Each structure stands twice: as C-alpha cells, then as structure tokens.
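Here is a short report on charge pairs, a sheet and a surface patch. Please read it alongside the sequence and the model.

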Amino acid sequence: MKKGKLSRRITWRVIGIMSFFNVLIIGAILALIYEVSLGTSSTRGDYVTDGIVGNLETMLHVAKSITFNNRAEVEASLDSPDHVFDALENILQVNKQLIGCFVAFEPDYFKDYKGQNSMVNGQRSMVNGQRSMVNGQRSMDNGQWSMSDGPWFEAYAYYADSTHIERRQIGSAQHDYFNGAWYQQAISLDRNDGGYLSDLYYDDSVNSGIYCSYAVPVFNSQGSKVGVYGVDLSLKGLGVAIEETMRSVKKEFLSDSRENNEADGKIYFSIQILDSKGNRITGTDSLDVNILKGEQKVLNDELEMKDLKGTPYYIHSKQLGKTGWTLVVLQHRELVFWWGLLFAAVIVFFMCIGCLAIFFFTTRSIRRATKPLGFLTESAQEVAKGNFNAPLPTFQHDDEVARLRDSFGTMQQSLKQYMEELKASTAAKASIESELNVAHSIQMSMIPKTFPAFPNRKDIELYASLTPAKAVGGDLYDFFILPQSSSSPEGEKQEGGKLFFCIGDVSGKGVPASLVMAVSRTLFRNISAHTDKPSHIVETMNANICEGNDECMFVTLFVGVLDLQTGHLRYCNAGHDAPYFQTELLPCASNIPIGLSPDLKYSEQEIVMAPGTTLFLYTDGLTEAMNARREQFGKQRINDVIASFSGSPQQLIETMIDAVHQFVGDTVQSDDLTMLAFKYLS
C-alpha cells in the first residue's frame, strides 16, 4: 500500500468537498446570470418596441381620426369631381401632417361628367398591390385636370411643397386601381369597420421617402358603396422615432465597446421593421433580415434565438398595432451576456483566490492537528516490533487523539497479557497436535494398508483406501482370510479359505469417533475368529458397543464372508450404504446401525459371485462430498464411474478418488472418505 500522510489526505478531501460545492455554486451563479441576462435582453426589447410601437400607433390613430372625421365631408361632395377635389383640398389644409388624400370611385361613376381641366405630365399607378408614382414627377398645368378614358376615376390632392396643393385624376389603364389590394381590401369593409392600412411603398415623385395609405369605403346618400377614400402618410416620423430610440439604447444599455461596428462585420444591436410579407421596410442598419425566416429556438414568450453566419442573435419581435407590420429588435449574443459574463468572471476569480487562501490555512491547521498522531505512530511501530514496554507520548489536550493514546495504552497492556497467554496456549496446542499425530499413526496402523493384500493368491484381488477429514476419523475397514489349511509351503500359490471383510462409519468425527472405530475394528477381528456367520458377528459387535455407550454413538456397518472356493457370499448390512455388485446395487435388508439397542437381531443375506465379478463398498463420505456450490457427488456419478470401468479394484478406487477431487475442487473435505473393492477371480 502506498504510504502517505494523514494530514495530506484530509486536506485534499476537504479541498475536494469544497471544490465540489464551489462548482455547484458557480453553476448556480452562471445559470442565474444566464436567466438575468435573458431577462435584461427581454426588458431592453420591450423598452424599444414599446417606444416605437407607441409612436406608430399615435400616427395611425391620427390617420384613422382624420379619415373617419372627414369621410362625411367627402360623401357630401359626390355630385361632381370638382366638389370631390374641393373636399380633399379642404382636408389637406386642415391636416398639414398629411402628404395627400384621395377618393377612388367604382367603375364609370363619373362617365357622363364632362370636365374642363386636363391632366398632363404624369400618372400615378399601382404595382403589385402598392401605390407608387411613375414618370418621375407630379406637375400642374394651369391648374387643370382631365377625365380618364375608361371606367377609372381617382381624385388625388397632395402638397407639391409645404404650402401649395395640387390636384390630379390618376385613374387610368396604367393605374388600374380596381385590381389593387388596397382598393379591394378597403371596398370590402362596412361603414362600422376599421380602415385598411396598406404595406409600405417608396415614392420619389414629390418628396422621396417611405409612404403608406389608410383607406375606408365611401357611401352615397342611398347607402351604397361608391368608392374608397383614404389619406397618405409619410414614415419619416417613424424613422426619427427609431433613431431617437437607438440613441437612447446606446446611452442606457450599450457600452462603448459594444456599439455597432459595421467595419468588422459586427452589429450588436439592430432595429428593423418588416411588412406583412416579411420584407424589410426600414431599420437602423443593413442587417440581413432573411435570418428571421430560418430555424429558430423559442426561449420564452417573446425572446427567440436565431443564427446569422454562425453568430446567434436574440430576437424580440412585436406586431405594430393592427397592421401587418412587425417590429424586430436584434441583440448580439455578446451584448446579451457581456455584463453577465464579466460579473461571473469576477465572482469566479475571487472564489479561486478564496479557495487558495482556504487551502493554505486548512493545510497548516490540519498538519498541526494531526502532528500528535505522528508521535503515536512511532510508539505503535515500537510495539509492533515486540517492544511492549515502549513509552507512549502524553498530550495536554483531552481530545480524540488523547483518548486514542489512552486506548492504545490499554491495548499495549492487553497485548502483553495476551502474548503470555498465547505462549501457554501455543505450547498446549503443540502438545495436542503431537498427540493427535500419534493417534493418527496408531489408527492408520490398525487397518490393513499393504497392497496388494494377497500377493500369493490367484483367487482374489483386493484394494482399499481411507482418507480422514481430520487428524483422526471415524471410518473403518478391515479384511483377512482364514485358509482351509495352512500346510502349503511358503511361496506357493494358495487357494481356498474364506475372506472376512467389513466397512463402517462411526457417527461424529474426531477423537470420539476414532475411539469407537478402534473398538469396532478390534471386535470384528476377535468375533470373526470364532464364527463365519455375518449376522452373528454384527449382533455380537452391537451388544459390546452398546455397553457403556453413554454418548449414544452408533456405527453403520457392512460385514461379509466370501467362500473363495465356491464364490458363495454371505453378508449382513447394519444401516450402511448398499455396495455395488458389478454395476448394480447389492440388495440389502433394512437393519439399523449397531450401538443403539443391545437386543437387536440382524438378518443375513447371500449371493454367489461368479469369477471376474467385483464388489465395491464405500462410506457416505463419497456420496456426500460437496463442491463450492454445495452440490453433492451423489450416487449417479458413482454409477457413471463404475459403468465405464473394467479394470482392477485398485484402478477403480483410484479413478473414483480422481473423480471426487475433480468434482469438489479446492473445497475442504467435510467427511471421511473410505472405499473397499475386491474382484473374485476363481
């Protein structure tokens, strides 16, 4: 493990926590500044649009008032064109803010009227629904006008200069106002409807500039519509209002570094007016308003964001009165967020300075607070080396470090006492382990473990294995042959006699089980020397095991006697797992283990083993061997090994042991594993 100082780790942890919360605070500040900047931009847009819209609405209100207030005078003069011109001239003389007024009549309204005046040098025509002048000038020749050759008659009176009013009849085939949008819209209105405001048009025939017309329908004395009456307005006043508003915005909102600079292509603030078709009418600069037709992102009810050559503009738009025009205020992103970013930079700068100061003082304070731990660490290292009498530092303050020192002192005394006890217990454990090793040696010496067991015999081949789970175990096996006669010379092949064998499993494990195992094996040997009846052997062993069995320990036991001359096998099973005869389980009666009741009678069974057949016996340590997933080896895996095997008994047991080890892996053995197998040869 990498070494490090506690003070450094604590310092960096404190700095990390502070940095985390500083990031959260900075993020909250930036989010707040973002919202405040957008709100300021929206307020700035409202300031501009409200001022300009107010000027326009005032102008339109004046135009509407003039139009509606003087319509009655126009309707009273419909008996002749001269009276119409007189009415229009009277209206202009009273309302000098107008540049002109007109009355356009329905087709052939004055077709029978013969006028004396003539119209020269100029016609006024409509193109694409807009009123415009052609032929470059308007002039009067001796104050005369002439009727149109056709159904058109539009009386028009206007100021040629600041004092002189001129009259013209401008209806003609070239100026077919019947198809003009302004005429069709106005003639479709009722008396009580509001008037129609046309889109802007440019006119340089009188005073060059942007104009629009406000028109209402005209009715005769019978209440029938006979034409359209309207006034022409100049937007010079609106342009002046835009310029004044722009100067006010620069003074109040824009810094010197954020004023529009068309030289480097940056326009920070712009005011534009669009007509109903989205075309630019007028504005403070030449910013391309086609950006308003592109993709956009709505930020709130009025503020939107659009892109011009990769630079986002925040756009504030508002409908101009009841017209089809739109007032648009464009604000560059740098303008919107300039003061907010500057304010945020100042805050972040001072927060960084504060963090550095906190880091410096925190580091010094933590080092000073953790310094006593260094002294305590040195003492702990001495104790770790075995010097339990090493002196511990003393502290003046009664804090956690002082209490840790006291606890460490108590632990130091406990360690001294524990080491003394450990020495004594280690010596005792070594003695016990030595005795267990001796007991293991004694136990293993009690069972046959020399193989081949009968090297001089051709009628039997036998092998066995016992692996205890602890130093000593409770499993047992034993076997021996009682020959029919012992007169055969040494070294010659011996045949005949009887094979006595047993396998058993004592309940429990460890030393108690090993003692019962030793007693059981001794009883088997002694009793088998006097009788060859397996049932009698088991009954006698049961009676002896039950004597003084206060711990109620019992033994599962299988005892068999094989006549090696005839192959006749007699056996008695006392609660043990049935052995395998060839590939099938040997039929066994349901007797209970020995050691539970001294008066039990055990049944005996018998079969005849043909030459070449094998009997395989085992304890439950084989079937109950478990792997890491708590799965047992089970009888099915035993069947699989036996069914695929045809070798010697030793090879069978070794193959079975390998299968168990492969199944359990590194799992600790939980029970004794004992197996015995023999093959009857003749």
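A search of the whole structure, which is a predicted model, finds 9 salt bridges. Side chains of opposite charge can pair when their charged atoms come close. Three of the bridges are listed here.

| Acid | Base | N to O distance |
|---|---|---|
| Aspartate 459 | Arginine 457 | 2.8 Å |
| Aspartate 478 | Arginine 521 | 3.3 Å |
| Aspartate 532 | Arginine 570 | 3.3 Å |

Take the pair of aspartate 478 and arginine 521. It links distant parts of the chain, 43 residues apart. Aspartate 478 sits in strand β17 (residues 475–482), and arginine 521 in helix α7 (residues 510–528). Both residues are buried. Aspartate 459 and arginine 457 are both buried as well.

Now the pair of aspartate 532 and arginine 570. Its partners are 38 residues apart, and they too link distant parts of the chain. Aspartate 532 is in the loop between α7 and α8 (534–546), while arginine 570 belongs to strand β20 (residues 568–574). Is aspartate 532 buried or partly exposed? Aspartate 532 has a relative accessible area of 25%, so it is partly exposed. Arginine 570 counts as buried because its relative accessibility is 17%, and the cut-off for buried is under 20%. Elsewhere, salt bridges with shared partners join Asp86, Glu89 and Arg167 into one network.

**The sheet**

Strands of a sheet pair through backbone hydrogen bonds, either parallel or antiparallel. Here, 5 strands form an open sheet in the order β16-β25-β24-β21-β22, with antiparallel pairing. Which strands stand at the edges? They are β16 (460–467) and β22 (584–585). Each has a single partner strand, so one side of each is left without a neighbour in the sheet.

Strand β21 (residues 580–581) pairs with strand β24 (residues 613–618) over 2 bridges, in the antiparallel sense. Tyrosine 580 stands opposite phenylalanine 616 in β24. Helix α11 (residues 649–664) lies across β16, β24 and β25 (673–680). The helix runs at about 150° to β25.

**A loop residue and a surface patch**

Serine 80 is found in the loop between α1 (6–75) and α2 (81–94). Its relative accessible area is 10%, so serine 80 is buried. Beyond its neighbours within four places in sequence, serine 80 is in contact with Phe110 and Tyr113.

Isoleucine 353 lies in helix α5 (residues 333–384). With a relative accessible area of 42%, isoleucine 353 is partly exposed. Ile353 is one of the residues that make a nonpolar surface patch of about 820 Å². Trp338, Trp339, Leu342, Val346, Phe349, Phe350 and Leu356 also contribute to this patch.

Notes
Residues are numbered from 1 along each chain as its sequence is written. This is a predicted model: local features need pLDDT of at least 70, side-chain atom pairs count only at pLDDT 80 or more; totals for chains, interfaces and linings use all residues. Side-chain values use heavy atoms; hydrogens and water are left out. Patches are made of residues with over 30% relative accessible area and no salt bridge: like charges are joined within 9 Å, nonpolar side chains (Val, Leu, Ile, Met, Phe, Trp, Tyr) within 5 Å. Accessible areas come from the Shrake-Rupley method with a 1.4 Å probe; for residues, only the protein chains shown count as cover. A salt bridge is a side-chain nitrogen of Lys or Arg within 4 Å of a carboxyl oxygen of Asp or Glu. Helices (H or I, at least four residues) and strands (E, at least two) are DSSP runs, numbered from the N terminus. Buried means under 20% relative accessible area, exposed over 50%, partly exposed in between (1.4 Å probe, protein chains only). Two strands pair if DSSP finds at least two bridges between them. Contact means heavy atoms within 4.5 Å. Axes are lines fitted to C-alpha atoms, for helices over the stretch in contact, and angles run from 0 to 180 degrees between N-to-C directions.
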